[in-house]
Amino acid sequence: MNQRTPTLLYIDDDGALARLVDRGLTRRGYKVVHAASGEEGLERIRRAVAQGNTDGGIDVVALDQYMPGLDGLETLEQIMAIPGAPPVVFVTASQDSNIAVTALKAGAADYLVKDVTGDFIPLLHVATEGALRQAELQKAREEAEAEIHASRDRYAALAAEREMLLREVNHRVGNSLQIIASLLHLQASSAAQDEVKAALTNAMGRVAAVAQVHRRLYTSQDLKSVVLNQYLDSLLEDLRRSAEGNRMSRLTLKAEPIEIDPDRAVAVGIIVNELVMNAVKYAYPDGAGPIHVELNAQGDDLLLSITDNGVGDNVKADPRSTGMGQRIVAAMASKLDASVERDPTHSGTRIVLKFGRVTPSLGKTSTAAAG
């Protein structure tokens, strides 16, 4: 109920009955104003709504059916078309139930039958009280829904801003890493010692593997995952371009479109970089040969393999090797909670990693040395 005295607009061409309603509802705490026609009632309602329904406003309407000019149903239809219009109790002397049904369907809050002696006034009071409570509940519901929509809009705006910032961060990080990789490439090109050149080239590949993830995230619609087949394809293309001569000309990829989170994609990329470069250096001492990378799903697990048809276990140990590649593969495999095994049935070298699609909360890691 409003804090001020509620105002009832009684629309009826019967002045005597309007006076009875005025006396009856005034005793019950209402202020009653009278409109003798539908047109006059509509004008009062429009004026009250335009003024914000403050003092002098209208809280509820009681509307008669049979009036000269606009009848009750016609007036009701126009009232319902006014934004912010008060609730309407339809009042008529007719016993025709069709009128009641039509009025309720048109938006009336309640319906009652009047009499010429005013005996209906207590019923009108009850109906008016119910209409006001219904209107307050509807207003509260609309305000709650508006707040929910506003909250959703604010959340959507914050999410969009966060996504834009994340894209910008990934863009800047990717660019910075690419600059670092380019500097390492320049330094490797100018290095006089083979050991230094090889170390710088290896470092460049590791940086490029991370940079490629950030480039993927910057251009992707989804900032939460990386599609591995696309990522590995770009990564291997980077390796082809960075290789000397044509030693990488037979590097191939077969991978399913599997999505994983960016951190795990970085680990996968670094492992592929290390094992491919390991195969480039040691699998074919006399020149280039095929190196195949394959990724596929096996139930809830992913299988990643790097295969060559080279010398396999007959590879000669390189006295210059620091074992850094093996340690990096072991560290990244631990990050993935992956097993790393050498396929003993393959004539060359085939390293197989098995890990889950998502990071388990706890898990054990089994690793073996890369070739």
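Where does Asp-337 lie? Asp-337 belongs to the loop between helix 9 and strand 11, and the close-ups below work their way around this predicted model before coming back to that loop.

**Figure 1. An open sheet built from five parallel strands.** We start with the sheet whose strands follow the order 2-1-3-4-5, with parallel pairing. Strand 2 (31-35) and strand 5 (110-113) are the edge strands; each has a single partner strand, so one side of each has no neighbour in the sheet. With direction ignored, neighbouring strands here are turned by 20 degrees against each other on average. If you zoom in on strand 1 (residues 7-11) and strand 3 (residues 60-64), you will find a parallel pair joined by four bridges. Within that pair, Leu-8 has Val-60 of strand 3 opposite it.

**Figure 2. Helix 1 and helix 2 on the parallel sheet.** Here the view takes in two helices that lie across strands of the sheet from Figure 1. Helix 1 lies across strand 1 and strand 2, and its direction makes an angle of about 165 degrees with strand 2. Helix 2 (residues 38-50) lies across strand 1, strand 2 and strand 3. Relative to strand 2, helix 2 runs at about 130 degrees.

**Figure 3. Helix 1 packs against helix 5.** This close-up stays with helix 1 (residues 15-26) and brings in helix 5 (residues 121-190): their axes are 10 Å apart, and the packing angle is about 60 degrees. Because of that angle, helix 1 counts as oblique to helix 5. The crossing of helix 1 past helix 5 is right-handed. Helix 1 contributes Leu-20, Val-21, Gly-24 and Leu-25 to the contact, while helix 5 contributes Ile-121, Leu-124 and His-125. Sorted by type, the residues of this contact are five nonpolar and two polar, with no charged ones.

**Figure 4. A stretch annotated as coiled coil.** For residues 132-161, an unreviewed UniProt entry carries the annotation "coiled-coil region". In the model, this span is 100% helix and 0% strand. From one end to the other, its terminal C-alpha atoms lie 43 Å apart.

**Figure 5. An open sheet with mixed pairing.** Next comes a sheet of five strands in the order 7-9-10-12-11, where the pairing is mixed. Its edges are strand 7 (251-255) and strand 11 (339-342), each of which pairs on one side only. From one strand to the next, the twist averages 15 degrees.

**Figure 6. Two strand pairs that share strand 9.** What is the sense of pairing between strand 7 and strand 9? Strand 7 and strand 9 (residues 291-298) are parallel, paired over five bridges. Look for Thr-252 opposite His-292 of strand 9, and for Leu-253 opposite Val-293 of strand 9. With strand 10, by contrast, strand 9 pairs in the antiparallel sense, over eight bridges. Glu-294 stands opposite Ser-305 of strand 10. The hairpin of strand 9 and strand 10 has two residues between the strands, and Gly-299 there takes a positive phi near 70 degrees.

**Figure 7. Helix 8 on the mixed sheet.** Helix 8 (residues 262-282) lies across four strands: strand 7, strand 9, strand 10 (301-308) and strand 12 (349-356). Against strand 12, helix 8 runs at about 175 degrees.

**Figure 8. Helix 8 meets helix 9.** The axes of helix 8 and helix 9 (residues 324-336) come within 9 Å of each other, crossing at roughly 155 degrees. Helix 8 and helix 9 are therefore roughly antiparallel. Their crossing is left-handed. On the helix 8 side, the contact involves Asp-263, Arg-264, Ala-267, Val-268, Ile-270, Ile-271, Glu-274 and Leu-275. Facing them from helix 9 are Gly-325, Ile-328, Val-329, Met-332, Ala-333, Lys-335 and Leu-336. The residues of this contact include ten nonpolar, one polar and four charged.

**Figure 9. Back to Asp-337 and its loop.** Our last view returns to the loop between helix 9 and strand 11, where Asp-337 lies. Although Asp-337 is not a glycine, its phi is positive, at about 55 degrees. Why might that catch your eye? Most residues other than glycine have a negative phi.

How values were computed: Residues numbered from 1 in each chain as written. Predicted model: local features only at pLDDT ≥ 70, side-chain atom pairs only at ≥ 80, totals over all residues. Heavy atoms only, no water. Pairing = 2+ DSSP bridges. Axes fitted to C-alpha atoms, helices over the stretch in contact; angles between N-to-C directions. Contact = heavy atoms within 4.5 Å. Parallel < 35°, antiparallel > 145°, perpendicular 65-115°, else oblique. Left-handed = near helix turned anticlockwise from the far one by under 90°. Nonpolar A, V, L, I, M, F, W, Y, C, P; charged D, E, K, R; others polar. UniProt positions renumbered as here; feature names shortened; annotations may be inferred.
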